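Here are a few exercises to try with a model open on your screen. Have a go at each task before you read its solution.

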Amino acid sequence: DHLFRDGNGSITALNVYSEEIRSKGAVSLTPEYRYQYAYNADGMLSSRMKYVWRHGDWQSAERYDYTLTGDSYNVEYSRWNNEKTRFDQPLGKMTYWLLPNESVASVACYYRHRDHAPMELEWQASVESQSNTPDYYLANK
């Protein structure tokens, strides 16, 4: 299987395979990545972990943590540290500042350049209203 769901229908894991066509049309699938998803009590996505297939086993690679506050939606990125067998401090962060109608007003990107240093603002951009743009165009962008 490649897609796993919980009792509520939420995706809990997704396996990604590479396909190789062998002689006489036989197809071979090799595991590449596994994504595991966790949700908070409200059913909102709280984390996504990525694993890579190495030496016949799934190994941790990275994690995204998602949080929603009153006026922002935050996504933090952390890498797996093999030596410490845990995730390091978040390396990067995206903050989406929300308007009262929950649309995005601006986006800010932060990055940690050294271990234990504070995150620094890399860039920030306002999001302009796109009310004249058809919904199907926005969804496919």
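A charge sits over a ring if NZ of Lys or CZ of Arg is within 6 Å of the ring centre and within 35 degrees of the ring normal. Before we use that, a word on the source: this is a predicted model, where local features need pLDDT of at least 70, side-chain atom pairs count only at pLDDT 80 or more, and totals for chains, interfaces and linings use all residues. Residues are numbered from 1 along each chain as its sequence is written, and side-chain values use heavy atoms, with hydrogens and water left out.

**Exercise 1. Find the rings that have a charge over their face.**

Step one: go to Y110, where K93 lies over the face at 5.9 Å from the ring centre. Step two: turn to F87, which has R63 over its face, 4.6 Å from the ring centre.

**Exercise 2. Trace how β4, β5 and β6 pair up.**

Start with the terms: strands are DSSP runs (E, at least two residues), numbered from the N terminus, and two of them pair if DSSP finds at least two bridges between them.

Step one: β4 (residues 45-54) runs antiparallel to β5 (residues 57-68), with eight bridges. Look for R48 here, since it stands opposite Y64 in β5.

Step two: check the turn. β4 and β5 make a hairpin with two residues between them, and H55 in that turn has a positive phi of about 55°.

Step three: move on to β6 (residues 72-81), which pairs with β5 in the antiparallel sense over seven bridges. L68 has Y73 in β6 as its bridge partner, and three residues make the hairpin link from β5 to β6.

**Exercise 3. Sort out the aromatic pairs.**

Rings of Phe, Tyr and Trp (its six-membered ring) pair if their centres lie within 6.5 Å; planes under 30 degrees apart are stacked, over 60 edge-to-face, and the rest tilted.

Step one: the structure holds six aromatic pairs. Take Y33 and Y35: their ring centres are 6.4 Å apart and their planes are at 40°, so this pair is tilted.

Step two: now Y64 and Y77, with centres 5.1 Å apart and planes at 45°, so this pair is tilted. Y64 lies in β5 and Y77 in β6, so the pair ties together parts 13 residues apart in sequence.

Step three: which residues form one aromatic cluster? They're Y66, Y73 and Y96.

**Exercise 4. Is Y35 buried or exposed?**

Buried means under 20% relative accessible area, exposed over 50%, and partly exposed in between (1.4 Å probe, protein chains only). Y35 has 15% relative accessibility, so it counts as buried. Y33, at 30%, counts as partly exposed.

Key: Helix = DSSP H or I, 4+ residues; strand = E, 2+ residues; numbered from the N terminus.
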